[in-house]
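Trainee: I'm new to this one and a bit lost. Could you pick out a single part, look at it closely with me, and then show me how its surroundings fit?

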Amino acid sequence: SAPSVRHIMAISGGALVVAAAIVFGSTMTAGSGLSAFLAPSAAAAQAPSADLRGVWEGNIGDLPVRACFDRRDWGAFGAYYYLSRRRLIALEPEEGESGAFRETDARDPANPRWTIESADSTGLSARWQGGGRALPVRLRRVAGADGEDGPCTSPVFHQPRLEGVRTVASPASIDGMAYTRIALDHGGRFSASFETFALDGSSEAVRRVNATLAEPLAGDLPEWFDCVRTALGHSPYEGDYNDSLAPTLISERWLNVAYQYDNFCGGNHPNHGRLYRVFGLADGEEVDLHDWLDESAVHREHLAEVDSDITKLRPEFRDFILSGWRADPPECDDVVRSDEYWNIGLARDGLIFAPDLPHVAQFCTEEFTIAFERLRPYLSEQGAANVRALGAEARP
(Lines give C-alpha, C1' and ligand atoms only; values in the text may rest on other atoms or scores of the structure.)
Protein backbone atom coordinates (compact mmCIF):
# COMPACT_ATOMS: atom_id res chain seq x y z
CA SER A 1 0.00 0.00 0.00
CA ALA A 2 1.05 3.62 -0.42
CA PRO A 3 3.02 5.24 2.43
CA SER A 4 0.89 6.92 5.09
CA VAL A 5 1.19 10.65 5.67
CA ARG A 6 2.94 9.94 8.95
CA HIS A 7 5.35 7.28 7.73
CA ILE A 8 6.28 8.16 4.17
CA MET A 9 9.77 6.68 4.10
CA ALA A 10 10.82 3.21 5.23
CA ILE A 11 14.49 2.94 6.11
CA SER A 12 15.69 -0.29 4.61
CA GLY A 13 17.89 -2.48 6.74
CA GLY A 14 18.46 -6.10 7.55
CA ALA A 15 21.09 -8.54 8.55
CA LEU A 16 22.17 -9.42 5.02
CA VAL A 17 25.32 -7.61 3.93
CA VAL A 18 26.01 -6.81 0.31
CA ALA A 19 29.49 -8.05 -0.50
CA ALA A 20 29.84 -5.59 -3.34
CA ALA A 21 31.49 -2.23 -2.77
CA ILE A 22 28.52 0.14 -2.99
CA VAL A 23 29.94 3.60 -3.21
CA PHE A 24 27.10 5.69 -1.85
CA GLY A 25 28.16 9.16 -0.93
CA SER A 26 30.93 9.49 -3.51
CA THR A 27 30.12 12.37 -5.80
CA MET A 28 31.19 14.13 -8.94
CA THR A 29 29.98 17.29 -10.57
CA ALA A 30 27.48 16.72 -13.36
CA GLY A 31 26.25 19.17 -15.88
CA SER A 32 9.94 2.70 -16.56
CA GLY A 33 7.50 0.65 -16.38
CA LEU A 34 7.27 -2.89 -15.06
CA SER A 35 5.96 -5.66 -17.29
CA ALA A 36 2.99 -7.40 -15.72
CA PHE A 37 3.76 -10.98 -14.69
CA LEU A 38 0.93 -13.44 -14.89
CA ALA A 39 1.61 -16.59 -12.86
CA PRO A 40 1.12 -19.73 -14.95
CA SER A 41 -1.30 -22.41 -13.89
CA ALA A 42 -0.32 -25.42 -11.81
CA ALA A 43 0.11 -27.35 -15.06
CA ALA A 44 2.90 -25.01 -16.12
CA ALA A 45 6.42 -26.13 -16.90
CA GLN A 46 8.42 -27.57 -14.03
CA ALA A 47 12.19 -27.76 -13.83
CA PRO A 48 13.49 -31.31 -14.19
CA SER A 49 15.14 -31.24 -10.77
CA ALA A 50 14.42 -29.82 -7.34
CA ASP A 51 18.08 -28.76 -7.37
CA LEU A 52 17.36 -26.01 -9.92
CA ARG A 53 16.60 -23.50 -7.14
CA GLY A 54 19.59 -21.31 -6.35
CA VAL A 55 22.09 -18.81 -7.75
CA TRP A 56 24.35 -19.90 -10.62
CA GLU A 57 27.30 -18.49 -12.49
CA GLY A 58 29.01 -19.56 -15.68
CA ASN A 59 28.66 -19.09 -19.44
CA ILE A 60 26.16 -19.01 -22.27
CA GLY A 61 28.49 -20.06 -25.05
CA ASP A 62 31.56 -18.03 -24.13
CA LEU A 63 29.64 -15.10 -22.54
CA PRO A 64 29.80 -14.92 -18.70
CA VAL A 65 26.41 -14.77 -16.95
CA ARG A 66 24.88 -15.03 -13.47
CA ALA A 67 21.43 -16.61 -13.07
CA CYS A 68 18.91 -17.45 -10.35
CA PHE A 69 16.00 -19.88 -10.22
CA ASP A 70 13.22 -20.10 -7.66
CA ARG A 71 10.09 -22.16 -7.18
CA ARG A 72 6.59 -21.37 -5.97
CA ASP A 73 3.44 -23.50 -5.72
CA TRP A 74 2.54 -22.77 -9.34
CA GLY A 75 5.97 -23.60 -10.75
CA ALA A 76 9.52 -22.34 -11.28
CA PHE A 77 10.87 -19.07 -12.66
CA GLY A 78 14.22 -17.41 -13.00
CA ALA A 79 16.26 -14.44 -14.15
CA TYR A 80 19.78 -13.80 -15.37
CA TYR A 81 22.14 -11.15 -16.65
CA TYR A 82 25.28 -10.93 -18.71
CA LEU A 83 28.22 -9.77 -16.61
CA SER A 84 29.18 -7.43 -19.44
CA ARG A 85 25.88 -5.49 -19.18
CA ARG A 86 24.45 -6.44 -15.78
CA ARG A 87 20.85 -5.70 -16.76
CA LEU A 88 18.29 -8.28 -15.64
CA ILE A 89 16.47 -10.57 -18.11
CA ALA A 90 13.38 -12.42 -16.86
CA LEU A 91 12.94 -16.16 -17.43
CA GLU A 92 9.27 -17.17 -17.52
CA PRO A 93 8.28 -20.87 -17.50
CA GLU A 94 6.91 -22.05 -20.82
CA GLU A 95 3.55 -23.68 -20.23
CA GLY A 96 3.38 -27.35 -21.12
CA GLU A 97 7.14 -27.66 -21.67
CA SER A 98 8.99 -29.25 -18.78
CA GLY A 99 12.19 -27.39 -17.89
CA ALA A 100 11.69 -24.73 -20.60
CA PHE A 101 11.85 -20.96 -19.99
CA ARG A 102 11.39 -18.01 -22.35
CA GLU A 103 13.08 -14.67 -21.88
CA THR A 104 10.79 -11.80 -20.86
CA ASP A 105 7.49 -13.32 -22.09
CA ALA A 106 6.87 -17.05 -22.31
CA ARG A 107 3.87 -16.50 -24.59
CA ASP A 108 6.06 -15.18 -27.41
CA PRO A 109 7.72 -18.07 -29.30
CA ALA A 110 10.12 -15.61 -30.93
CA ASN A 111 11.82 -14.88 -27.60
CA PRO A 112 15.03 -16.76 -26.72
CA ARG A 113 14.49 -20.04 -24.89
CA TRP A 114 16.32 -21.90 -22.13
CA THR A 115 15.91 -25.68 -21.97
CA ILE A 116 17.22 -27.14 -18.72
CA GLU A 117 18.99 -30.45 -19.27
CA SER A 118 20.24 -31.17 -15.75
CA ALA A 119 20.75 -29.47 -12.39
CA ASP A 120 22.29 -30.88 -9.25
CA SER A 121 24.16 -29.73 -6.16
CA THR A 122 27.14 -28.48 -8.14
CA GLY A 123 26.22 -27.71 -11.75
CA LEU A 124 23.50 -26.74 -14.21
CA SER A 125 23.44 -27.68 -17.87
CA ALA A 126 21.03 -26.14 -20.38
CA ARG A 127 20.63 -25.08 -24.00
CA TRP A 128 20.01 -21.47 -25.06
CA GLN A 129 18.21 -20.93 -28.40
CA GLY A 130 17.47 -17.64 -30.06
CA GLY A 131 17.88 -15.77 -33.31
CA GLY A 132 18.56 -18.99 -35.19
CA ARG A 133 21.43 -19.95 -32.89
CA ALA A 134 21.83 -22.60 -30.19
CA LEU A 135 24.43 -22.21 -27.43
CA PRO A 136 25.37 -24.42 -24.49
CA VAL A 137 24.72 -23.12 -20.97
CA ARG A 138 27.16 -24.33 -18.33
CA LEU A 139 26.72 -22.95 -14.83
CA ARG A 140 28.09 -23.72 -11.37
CA ARG A 141 26.27 -23.09 -8.12
CA VAL A 142 27.20 -19.95 -6.12
CA ALA A 143 27.53 -20.75 -2.42
CA GLY A 144 25.72 -18.84 0.32
CA ALA A 145 23.15 -17.29 -1.97
CA ASP A 146 19.87 -18.89 -0.87
CA GLY A 147 18.47 -16.08 1.29
CA GLU A 148 15.31 -16.20 3.34
CA ASP A 149 13.27 -14.49 0.60
CA GLY A 150 14.61 -16.64 -2.23
CA PRO A 151 17.68 -16.88 -4.47
CA CYS A 152 16.59 -14.13 -6.87
CA THR A 153 16.26 -11.61 -4.02
CA SER A 154 19.67 -12.49 -2.58
CA PRO A 155 22.24 -9.68 -2.57
CA VAL A 156 24.75 -12.34 -3.63
CA PHE A 157 22.84 -12.78 -6.91
CA HIS A 158 22.96 -9.02 -7.55
CA GLN A 159 26.51 -8.46 -6.29
CA PRO A 160 28.16 -7.77 -9.69
CA ARG A 161 25.29 -5.42 -10.60
CA LEU A 162 25.92 -3.37 -7.45
CA GLU A 163 29.62 -2.83 -8.05
CA GLY A 164 30.33 0.80 -8.81
CA VAL A 165 26.86 2.10 -7.93
CA ARG A 166 27.32 5.70 -6.78
CA THR A 167 25.69 9.08 -6.46
CA VAL A 168 26.24 12.12 -8.66
CA ALA A 169 26.01 15.63 -7.23
CA SER A 170 25.20 18.88 -9.02
CA PRO A 171 24.53 22.44 -7.80
CA ALA A 172 20.97 23.78 -7.73
CA SER A 173 18.98 26.61 -6.15
CA ILE A 174 15.42 27.67 -5.37
CA ASP A 175 14.37 31.26 -4.65
CA GLY A 176 18.04 32.20 -4.45
CA MET A 177 18.82 29.51 -1.85
CA ALA A 178 21.57 27.12 -2.94
CA TYR A 179 21.53 23.38 -2.33
CA THR A 180 23.06 20.26 -3.88
CA ARG A 181 21.04 17.84 -5.99
CA ILE A 182 22.06 14.17 -5.49
CA ALA A 183 21.08 11.48 -8.01
CA LEU A 184 21.54 7.73 -7.97
CA ASP A 185 23.79 6.47 -10.78
CA HIS A 186 23.73 2.71 -11.44
CA GLY A 187 24.72 2.85 -15.10
CA GLY A 188 21.32 1.70 -16.38
CA ARG A 189 21.53 -1.71 -14.70
CA PHE A 190 18.38 -1.45 -12.57
CA SER A 191 14.80 -0.38 -13.16
CA ALA A 192 15.27 2.38 -10.62
CA SER A 193 15.86 6.09 -10.26
CA PHE A 194 16.21 8.19 -7.14
CA GLU A 195 17.00 11.83 -6.54
CA THR A 196 17.38 13.69 -3.29
CA PHE A 197 19.28 16.78 -2.17
CA ALA A 198 21.46 18.23 0.58
CA LEU A 199 21.29 21.67 2.11
CA ASP A 200 24.39 23.84 2.13
CA GLY A 201 25.89 24.50 5.55
CA SER A 202 27.57 22.63 8.39
CA SER A 203 25.36 23.28 11.42
CA GLU A 204 24.10 20.37 13.49
CA ALA A 205 20.54 21.05 12.27
CA VAL A 206 21.61 20.96 8.61
CA ARG A 207 23.58 17.75 9.17
CA ARG A 208 20.51 16.17 10.78
CA VAL A 209 18.24 17.18 7.88
CA ASN A 210 20.73 15.98 5.27
CA ALA A 211 21.06 12.61 7.00
CA THR A 212 17.28 12.18 6.86
CA LEU A 213 17.14 13.14 3.19
CA ALA A 214 19.85 10.57 2.40
CA GLU A 215 18.15 7.65 4.18
CA PRO A 216 16.88 5.95 0.97
CA LEU A 217 20.55 5.59 -0.08
CA ALA A 218 21.82 4.34 3.28
CA GLY A 219 22.46 0.90 4.68
CA ASP A 220 23.56 -2.48 3.39
CA LEU A 221 20.19 -2.87 1.62
CA PRO A 222 19.24 0.71 0.66
CA GLU A 223 15.57 1.44 0.11
CA TRP A 224 15.71 1.60 -3.68
CA PHE A 225 17.58 -1.74 -3.98
CA ASP A 226 15.36 -3.43 -1.41
CA CYS A 227 12.34 -2.52 -3.55
CA VAL A 228 13.98 -3.80 -6.75
CA ARG A 229 14.97 -7.15 -5.26
CA THR A 230 11.82 -7.81 -3.19
CA ALA A 231 9.62 -8.16 -6.28
CA LEU A 232 11.86 -11.02 -7.43
CA GLY A 233 10.63 -13.14 -4.55
CA HIS A 234 7.41 -13.88 -6.42
CA SER A 235 8.12 -13.32 -10.11
CA PRO A 236 11.02 -13.11 -12.54
CA TYR A 237 10.68 -9.32 -12.76
CA GLU A 238 12.57 -6.88 -10.58
CA GLY A 239 10.71 -4.00 -8.98
CA ASP A 240 10.40 -0.47 -10.30
CA TYR A 241 11.58 2.34 -8.04
CA ASN A 242 11.28 5.95 -9.20
CA ASP A 243 11.24 8.28 -6.18
CA SER A 244 12.47 11.80 -5.55
CA LEU A 245 12.83 14.36 -2.78
CA ALA A 246 13.01 18.00 -3.83
CA PRO A 247 12.72 21.31 -1.95
CA THR A 248 9.76 23.56 -2.69
CA LEU A 249 10.57 26.10 0.05
CA ILE A 250 13.82 26.94 1.83
CA SER A 251 13.37 29.80 4.25
CA GLU A 252 15.46 30.98 7.20
CA ARG A 253 13.52 28.70 9.56
CA TRP A 254 11.75 26.09 7.46
CA LEU A 255 12.30 23.54 4.73
CA ASN A 256 9.37 22.08 2.76
CA VAL A 257 10.15 18.91 0.80
CA ALA A 258 8.02 17.33 -1.93
CA TYR A 259 8.29 13.55 -1.89
CA GLN A 260 7.25 12.09 -5.24
CA TYR A 261 6.98 8.30 -5.25
CA ASP A 262 6.21 5.91 -8.10
CA ASN A 263 7.28 2.36 -7.37
CA PHE A 264 6.31 -1.29 -7.49
CA CYS A 265 8.06 -3.59 -5.04
CA GLY A 266 5.78 -6.61 -5.47
CA GLY A 267 2.29 -7.04 -4.10
CA ASN A 268 -1.11 -6.25 -5.53
CA HIS A 269 -0.51 -2.83 -7.04
CA PRO A 270 2.11 -0.10 -7.52
CA ASN A 271 2.48 2.89 -5.23
CA HIS A 272 2.45 6.41 -6.55
CA GLY A 273 1.68 9.85 -5.23
CA ARG A 274 3.07 13.05 -3.77
CA LEU A 275 3.52 13.97 -0.12
CA TYR A 276 5.12 16.84 1.77
CA ARG A 277 7.63 16.76 4.61
CA VAL A 278 8.53 19.84 6.65
CA PHE A 279 11.68 20.40 8.73
CA GLY A 280 12.61 23.11 11.21
CA LEU A 281 16.04 24.49 10.36
CA ALA A 282 16.74 25.60 13.93
CA ASP A 283 16.96 22.02 15.21
CA GLY A 284 16.69 19.80 12.10
CA GLU A 285 13.59 18.05 13.42
CA GLU A 286 10.64 17.07 11.25
CA VAL A 287 7.50 19.12 11.84
CA ASP A 288 3.87 17.99 11.81
CA LEU A 289 1.89 20.93 10.44
CA HIS A 290 -1.30 19.58 12.04
CA ASP A 291 0.18 21.11 15.21
CA TRP A 292 -0.14 24.55 13.62
CA LEU A 293 -3.93 24.08 13.67
CA ASP A 294 -6.22 24.25 16.72
CA GLU A 295 -8.88 21.85 17.99
CA SER A 296 -11.58 23.41 15.81
CA ALA A 297 -9.68 22.14 12.74
CA VAL A 298 -8.01 18.95 13.98
CA HIS A 299 -9.13 15.92 15.97
CA ARG A 300 -6.38 14.00 17.79
CA GLU A 301 -6.79 10.51 19.17
CA HIS A 302 -4.57 7.87 20.73
CA LEU A 303 -5.23 4.26 19.72
CA ALA A 304 -4.20 2.23 22.75
CA GLU A 305 -4.49 -1.11 20.96
CA VAL A 306 -1.67 -0.17 18.58
CA ASP A 307 -0.08 2.55 20.77
CA SER A 308 -0.34 5.10 17.99
CA ASP A 309 -1.58 8.66 17.66
CA ILE A 310 -3.82 9.60 14.76
CA THR A 311 -4.74 13.06 13.54
CA LYS A 312 -7.81 13.85 11.45
CA LEU A 313 -9.19 17.00 9.90
CA ARG A 314 -12.64 17.76 11.27
CA PRO A 315 -15.53 17.72 8.74
CA GLU A 316 -16.21 21.43 9.22
CA PHE A 317 -12.60 22.30 8.47
CA ARG A 318 -12.59 20.09 5.38
CA ASP A 319 -15.67 21.94 4.19
CA PHE A 320 -13.77 25.20 4.73
CA ILE A 321 -10.81 23.97 2.64
CA LEU A 322 -13.11 22.74 -0.14
CA SER A 323 -15.47 25.73 -0.24
CA GLY A 324 -16.04 26.68 -3.88
CA TRP A 325 -14.34 23.51 -5.16
CA ARG A 326 -16.00 21.47 -7.88
CA ALA A 327 -14.79 17.90 -8.36
CA ASP A 328 -13.58 16.81 -11.78
CA PRO A 329 -14.57 14.08 -12.40
CA PRO A 330 -17.74 14.46 -10.31
CA GLU A 331 -17.36 11.04 -8.67
CA CYS A 332 -14.31 12.40 -6.82
CA ASP A 333 -16.47 14.78 -4.81
CA ASP A 334 -17.54 12.35 -2.09
CA VAL A 335 -14.15 10.60 -2.06
CA VAL A 336 -12.26 13.82 -1.28
CA ARG A 337 -14.87 15.39 1.03
CA SER A 338 -15.15 12.28 3.20
CA ASP A 339 -11.39 11.65 3.56
CA GLU A 340 -10.27 12.34 7.13
CA TYR A 341 -6.49 12.03 6.72
CA TRP A 342 -4.72 14.86 4.91
CA ASN A 343 -1.10 15.66 4.19
CA ILE A 344 -0.08 19.27 4.84
CA GLY A 345 2.79 21.16 3.22
CA LEU A 346 4.22 24.63 3.80
CA ALA A 347 4.26 27.47 1.28
CA ARG A 348 5.56 30.95 1.94
CA ASP A 349 2.06 32.43 2.08
CA GLY A 350 -0.07 29.53 3.25
CA LEU A 351 -0.54 25.83 3.89
CA ILE A 352 -0.97 23.16 1.20
CA PHE A 353 -3.61 20.50 1.92
CA ALA A 354 -3.94 17.19 0.04
CA PRO A 355 -6.14 14.19 0.94
CA ASP A 356 -4.33 10.92 1.65
CA LEU A 357 -6.46 8.71 -0.61
CA PRO A 358 -6.35 4.92 -1.07
CA HIS A 359 -4.72 3.50 -4.19
CA VAL A 360 -7.98 3.01 -6.09
CA ALA A 361 -8.91 6.67 -5.62
CA GLN A 362 -5.55 8.38 -6.07
CA PHE A 363 -6.64 9.79 -9.43
CA CYS A 364 -8.88 12.08 -7.36
CA THR A 365 -5.98 13.64 -5.43
CA GLU A 366 -5.79 17.43 -5.58
CA GLU A 367 -3.87 20.07 -3.65
CA PHE A 368 -5.51 23.07 -2.01
CA THR A 369 -3.37 26.03 -0.92
CA ILE A 370 -5.07 28.15 1.73
CA ALA A 371 -3.60 31.58 2.57
CA PHE A 372 -2.51 32.20 6.15
CA GLU A 373 -4.89 35.13 6.35
CA ARG A 374 -7.85 32.81 5.75
CA LEU A 375 -6.45 30.22 8.15
CA ARG A 376 -6.07 32.70 11.02
CA PRO A 377 -9.24 31.53 12.90
CA TYR A 378 -7.98 27.93 12.86
CA LEU A 379 -4.35 28.46 13.87
CA SER A 380 -3.08 27.19 17.21
CA GLU A 381 -0.97 29.45 19.39
CA GLN A 382 2.13 27.68 18.09
CA GLY A 383 0.93 27.95 14.51
CA ALA A 384 0.16 31.66 14.78
CA ALA A 385 3.64 32.36 16.19
CA ASN A 386 5.31 30.38 13.41
CA VAL A 387 3.26 32.14 10.73
CA ARG A 388 4.30 35.53 12.13
CA ALA A 389 7.96 34.45 12.15
CA LEU A 390 7.76 33.22 8.56
CA GLY A 391 6.12 36.47 7.46
CA ALA A 392 8.90 38.47 9.13
CA GLU A 393 11.62 36.75 7.11
CA ALA A 394 13.28 38.61 4.27
CA ARG A 395 11.72 37.69 0.93
CA PRO A 396 13.99 36.26 -1.78
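Mentor: Sure, but two terms first: strands pair if DSSP finds at least two bridges between them, while the strands (E, at least two residues) and helices (H or I, at least four) are themselves DSSP runs, numbered from the N terminus. Keep in mind that this is a predicted model, where local features need pLDDT of at least 70 and side-chain atom pairs count only at pLDDT 80 or more, while totals for chains, interfaces and linings use all residues. Residues are numbered from 1 along each chain as its sequence is written, and side-chain values use heavy atoms, leaving out hydrogens and water.

Let's zoom in on strand β6, residues 113-119. Five of its seven residues are buried, so the rest of the structure largely encloses this strand. Here, buried means under 20% relative accessible area, exposed means over 50%, and partly exposed is in between (1.4 Å probe, protein chains only).

Now look at its neighbours. On one side sits strand β5 (residues 100-103), which runs antiparallel to β6 and is joined to it by three bridges. One pair you can find is phenylalanine 101, whose bridge partner in β6 is tryptophan 114. The other neighbour is strand β7 (residues 123-130), also antiparallel to β6, this time with six bridges. There, serine 118 has serine 125 of β7 as its bridge partner. The chain gets from β6 to β7 by a hairpin, with three residues between the two strands.

The loop between β5 and β6 has something worth a look too: threonine 104 sits there. Its phi is near 70°, which is positive even though the residue isn't a glycine. That's worth flagging because most residues other than glycine have a negative phi, and most peptide bonds are trans. Threonine 104 is partly exposed, at 39% relative accessible area.

Let's keep going along the sheet. β7 pairs in the antiparallel sense with strand β8 (residues 133-141) over eight bridges, and arginine 127 has proline 136 of β8 as its bridge partner. Zoom out and you'll see that these strands belong to a closed barrel of eight, running β1-β2-β3-β4-β5-β6-β7-β8 with antiparallel pairing. From one strand to the next, the twist averages 30°; angles like this run from 0 to 180 degrees between N-to-C directions, with axes fitted as lines to C-alpha atoms, for helices over the stretch in contact.

What lies across the barrel strands? Helix α1 (residues 155-162) lies across β1 (54-60), β2 (63-72) and β3 (75-82), at about 25° to β3. Contact, by the way, means heavy atoms within 4.5 Å.

There's a covalent link here as well. Cysteine 68 is joined to cysteine 152 by a disulfide, S to S 2.1 Å, where a disulfide is a pair of cysteine sulfur atoms within 2.5 Å. Cysteine 68 lies in strand β2 and cysteine 152 in the loop between β8 and α1, so the pair ties together parts that are 84 residues apart in sequence. The link is right-handed, with 105° about the S-S bond. Cysteine 68 is buried at 0% relative accessibility, and cysteine 152 is buried at 0% too.

By that rule there are three disulfides in total. Another one joins cysteine 227 to cysteine 265, and the torsion about its S-S bond is about -95°, so this one is left-handed. Cysteine 332 and cysteine 364 form a disulfide as well, S to S 2.0 Å, and that link is left-handed with -75° about the S-S bond. If you number the bonded cysteines in sequence order, the pairing reads 1-2, 3-4, 5-6.

One last pair of oddities, both outside the barrel strands you just followed. Aspartate 175, in the loop between β9 (166-174) and β10 (177-185), has a positive phi of about 50° without being a glycine. The peptide bond from aspartate 328 to proline 329 is cis, with omega near 5°, and proline 329 lies in the loop between α4 (315-321) and α5 (332-337).
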